[in-house]
Structure formats: C-alpha cells, structure tokens
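Work through the exercises below with the sequence and the model side by side, and try each task before you read its solution.

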Amino acid sequence: MIKIQKYTEVEPDFFKGRDFDNSNEVVDSVLEEVQKRGDAALRLYGNKFDVAVPAQFEVPQEELKAAAEKLRIEKRDIYDAFVYSHDLALRFAKLQKKTFRDFEEELEPGLFTGQKTIPVDIAGCYVPAGRFPLVSTVIMTVTPAVAAGVPNVILCTPPRVHPEDKISAGKTGSGIPGKAFVGGKPYADEGIMAAAYICGVDHLYAVGGSQAIGAMAFGTESIPKVDVIVGPGNKFVQAAKKAVFGNVGIDFVAGPTEVMIIADKSANIEWVAADLLAQAEHDVVAQPILVTDDMDFATNVSEAIENQLETLTTKTVARQSIDTYGKIIIVEKLEEAIEIANMKAPEHLELAMDKGAARDKIAKAVHNFGSLFIGHYSAEVLGDYAAGLNHTLPTSGAAHYTGGLSVRNFLKTVTTLRAEKGKPGTLKSSAAAGYLGDSEGLAGHARAARIRGEK
C-alpha cells in the first residue's frame with residue numbers, strides 16, 4: 001500500500017537524485033570492443049544479448065513500409081493514433097523551432113554580431129523493445145529531429161527474428177534470449193518499424209543495447225557515426241550514453257520515471273489513482289507521488305489505488321512501485337507543494353485542481369519540472385502519447401538544469417562576427433582587445449587586435 005506521511009516527516013533523501021548506478025564495467029567493455037572491432041563486435045554481443053543477429057543490420061525501407069501498411073489494414077485505430085500523435089508532435093516541434101531566430105545586429109558602428117541555428121548532420125535515436133516495445137518513443141525521438149531539419153535520422157532498436165526465418169529458428173531452437181538466430185534477414189518490432197516509416201526515419205538498424213549506442217557513437221562498417229544520440233533505455237543503455245558523451249552529444253541520462261500530482265479535494269479520486277498507477281506500471285522503481293492538503297482525500301486515493309490494482313494487467317510491476325517508492329505527502333497548506341515540487345524537480349508534474357487563483361498561483365511558482373500538466377483533464381498520459389509534447393523528459397532531479405527532448409537537441413546555435421574597416425566600433429573593440437591581451441600576458445592576441453585597429 002502507498003505510504004502516507006506528513007511533509008514534516010519526509011526524509012531528506014526523498015529530494016536527492018535517485019542513482020541506480022549508471023557506471024558499468026560490462027558497458028565499458030562493450031563500448032571498447034565496438035570502437036575497435038565495429039560490426040564484428042555488434043555480432044559478438046548480439047549473440048550474447050539479443051534474440052537475433054541478422055546478416056545485415058539495416059532493415060530495408062520496404063520492410064518499414066510493409067509494417068506500416070500491415071498496421072493500417074489490421075489495426076486501423078492504432079495506425080490512425082500513430083499518425084495523429086506524429087502530426088501533433090511535428091506541429092509542436094516546428095513551433096519550437098520558430099523560437100530559434102537567426103539574426104545579425106549592429107552592436108556598435110561597424111561591428112555586426114549574429115546568430116545562426118544549424119541542424120546537426122546525423123541524429124541517432126534509440127528505441128527500446130523489451131517487455132513493452134516503446135513504439136511512441138519513435139515519434140518522440142525522430143519527429144523533433146526531422147522538424148529541426150536534420151538531413152539523416154537513423155534509429156537503432158533491438159532485432160527480432162524475421163517472419164521468413166521463424167521456421168528455421170524453430171528447428172534449431174534459436175531465436176530466444178541466450179541463443180540468437182544468426183544470419184537471417186534484418187527485422188525489428190513491427191510497431192516500431194511502422195512508426196519509423198510514419199515518422200520518416202532515413203535508416204533503421206536492428207541493433208540493440210549498449211552496443212547500439214557504441215555503434216552510433218563511434219561508427220562501424222554498417223552504422224554511421226552520429227552527432228547526437230537521444231532516447232531512453234535500460235541501465236546499460238543509459239550507462240553507455242553517459243560514457244560516450246563528449247564524443248557525441250546526448251539528450252540526458254534518464255533514470256526511472258516519476259510523477260508528482262498536486263491535488264486538492266476538487267480532484268477526482270479515481271482519476272488521480274489512475275494517473276499514479278499509470279506511472280507505477282512503467283517500472284518497479286518508478287516513483288508515483290501525490291501531494292495534498294486533505295487527509296480524507298489522501299486515504300480515499302490510497303483505497304482507489306488498491307481497488308484499481310486488482311484489475312490492472314500490469315499489477316505485479318505497479319504493486320512493487322507503489323509499495324516501495326510511492327508516497328502521499330500531506331501538507332498543511334497547498335502552497336507548501338510549491339516548495340516540494342521545486343525541491344524534487346519531478347519529471348512530470350500535474351496540478352489536479354479546479355481553475356482559479358489557487359491553481360494559477362502554483363502553476364506560476366513551480367519552475368523545476370520536465371512537463372507541467374494543468375487541470376483535471378490534462379492527464380500525464382496525454383503527454384506520453386498524443387498531445388504534441390515530448391515524453392522524453394529529465395528524471396532524478398535533472399529538471400533542475402534541463403528540460404525535455406526537443407528540437408534544440410538537434411540544433412547548434414552558432415555565432416558570427418562581421419567588423420567593417422575603420423568604423424568606430426571596430427576601432428574601439430580592437431583597442432579594448434589589445435589591452436585585455438596585455439592583461440593576460442598574451443602578446444600575440446594583443447598584436448592581432450591592434451594591427452586591425454590601425455588607421
């Protein structure tokens with residue numbers, strides 16, 4: 001059962017970033033081998049960790065198109081939901097891009113400074129395909145890259161046995177974890193392939209785990225080196241992203257998911273319980289949190305969680321998350337929730353309150369969160385799937401210093417300088433640069449400035 005406690009009783013560790021060990025000797029070894037041996041290392045570790053090691057890693061565009069067409073025919077509702085989600089995400093990402101303005105302005109007479117926003121050349125997206133293949137993550141990682149104008153967007157995801165190879169795999173008892181089917185056609189989760197086609201992925205590679213991160217970071221014979229790697233994954237994937245940062249850019253190192261709901265008695269008990277469970281079912285270490293000023297409401301939500309758990313197909317995972325990491329915090333005044341939220345910096349922050357001055361005050365005062373969901377109908381799961389927002393968000397306190405994945409992760413904001421001969425601004429800056437060079441003992445700097453300031 002979820003723990004209920006007063007704010008004054010909350011342990012200080014609650015506000016610290018949750019560290020689930022993102023350093024790993026196995027990952028370091030994998031990355032080293034991939035850097036040295038390229039595709040051979042991908043096959044080596046594919047044999048150890050995956051269910052298939054295809055003869056070629058790239059899944060042909062025809063397969064992606066076929067997966068999308070199959071989904072459209074057999075599961076039209078899901079196909080339409082993909083298309084709708086992608087459309088909203090693309091529109092939102094394009095709006096984000098508009099905020100990055102190129103300019104050139106004359107700061108001083110003859111001294112022009114400027115800014116240009118340029119997309120990276122190659123973006124790498126990683127999409128997990130474990131117990132629950134994260135099909136929506138294709139939309140959330142690929143779409144902002146496309147909106148940013150990246151000319152080559154690639155995607156890596158764990159391999160699957162191709163339908164045409166399943167009979168052969170069955171005869172040899174392969175195609176299962178620990179005994180990969182080797183040499184077949186490249187294939188991946190069909191939902192991920194369909195979403196990749198809808199979103200416009202340029203190349204999809206059936207490679208998973210930390211070896212996929214290494215392939216994108218260093219390049220192999222089959223997979224190009226990228227400029228930026230984005231996307232979620234297990235602790236091995238996150239450890240790999242952390243290790244390759246600097247060689248390539250990354251979005252951030254993501255930990256277990258979390259939600260904080262600030263609610264008063266106007267909130268719907270069943271809805272709040274459902275939102276907490278929606279987060280809990282992600283992972284046994286997911287963290288669902290409720291902050292309220294009403295003890296009766298808290299008790300009723302706790303009971304609703306127990307009732308809803310009984311019919312939840314993901315009960316085993318959600319139960320462990322609720323019991324181990326779930327928390328209901330009771331405050332004397334709801335304004336205290338502002339302090340809690342800003343200290344915790346949750347990935348998702350919901351304000352389950354009626355429209356009005358109280359909700360507006362909290363919405364204005366909170367400033368550390370991945371995404372903010374305002375009002376009873378703004379469920380966090382809408383942000384996960386189909387509201388335009390990106391669901392790849394900072395966790396474990398990272399919202400103190402960064403926001404979620406967006407077009408900015410695929411854009412470089414670079415600066416320009418244009419100085420005109422003999423103009424007052426050029427002369428004044430040359431003189432100032434000369435003196436500053438003197439102050440640092442850098443005579444070459446001073447000279448390079450002064451010779452341009454000579455009339």
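A residue is called buried when its relative accessible area is under 20%, exposed when it is over 50%, and partly exposed in between, with a 1.4 Å probe and protein chains only as cover. Helices (H or I, at least four residues) and strands (E, at least two) are DSSP runs, numbered from the N terminus. The model is predicted, so local features need pLDDT of at least 70 and side-chain atom pairs count only at pLDDT 80 or more, whereas totals for chains, interfaces and linings use all residues. Residues are numbered from 1 along each chain as its sequence is written, and side-chain values use heavy atoms, with hydrogens and water left out.

**Exercise 1. Find out how enclosed strand β7 is, and which strands pair with β7.**

Begin with burial: 6 of the 6 residues of β7 (residues 152–157) are buried, so the strand is largely enclosed by the rest of the structure. Next, take the two faces in turn: Asn152, Ile154 and Cys156 lie on one side, Val153, Leu155 and Thr157 lie on the other, and all are buried, so that both faces are covered.

Then turn to the neighbours, remembering that two strands pair if DSSP finds at least two bridges between them. Strand β6 (residues 122–126) pairs with β7 in the parallel sense over 5 bridges, and within this pair Tyr126 stands opposite Cys156. Between these two strands the chain passes through helix α5 (residues 135–148), and this β-α-β crossover is right-handed; that is, with the strands pointing away from the viewer, the path from the first strand over the helix to the second runs clockwise. The strands β7 and β9 also run parallel, joined by 4 bridges, and here His203 in β9 is the bridge partner of Ile154.

**Exercise 2. Place these strands in their sheet, and say which strands stand at the edges.**

First write down the order, which is β3-β9-β7-β6-β10-β11 in an open sheet of 6 strands with mixed pairing. The edges are formed by β3 and β11 (249–250), each of which has a single partner strand, so one side of each is left without a neighbour in the sheet. Finally, check one more pair: β6 and β10 (residues 228–230) are parallel over 3 bridges, and Val230 in β10 is the bridge partner of Cys125.

**Exercise 3. Decide which residues of helix α3 are buried and what covers them.**

Start from the length: α3 (residues 61–74) has 14 residues and reaches 20 Å from its first C-alpha to its last, close to the 20 Å expected at 1.5 Å a residue, where the expected span is 1.5 Å times one less than the number of residues. Its buried residues are Leu64, Ala67, Ala68 and Leu71. Seen down the axis of α3, these residues fall within an arc of 95°, so they line one face of the helix; the arc is that of the directions from the helix axis to the C-beta atoms. The face turned away from this buried side carries the exposed residues Glu62, Ile73 and Glu74. The cover over the buried residues includes β3 (58–59), α4 (76–98), α7 (190–199) and β9 (203–206), where contact means heavy atoms within 4.5 Å.

**Exercise 4. Describe the surroundings of Ser302.**

Locate Ser302 in helix α11 (residues 295–309). With 5% relative accessibility, Ser302 counts as buried. Leaving aside residues up to four places away in sequence, Ser302 touches Met1, Ile2, Ile4 and Ile328.
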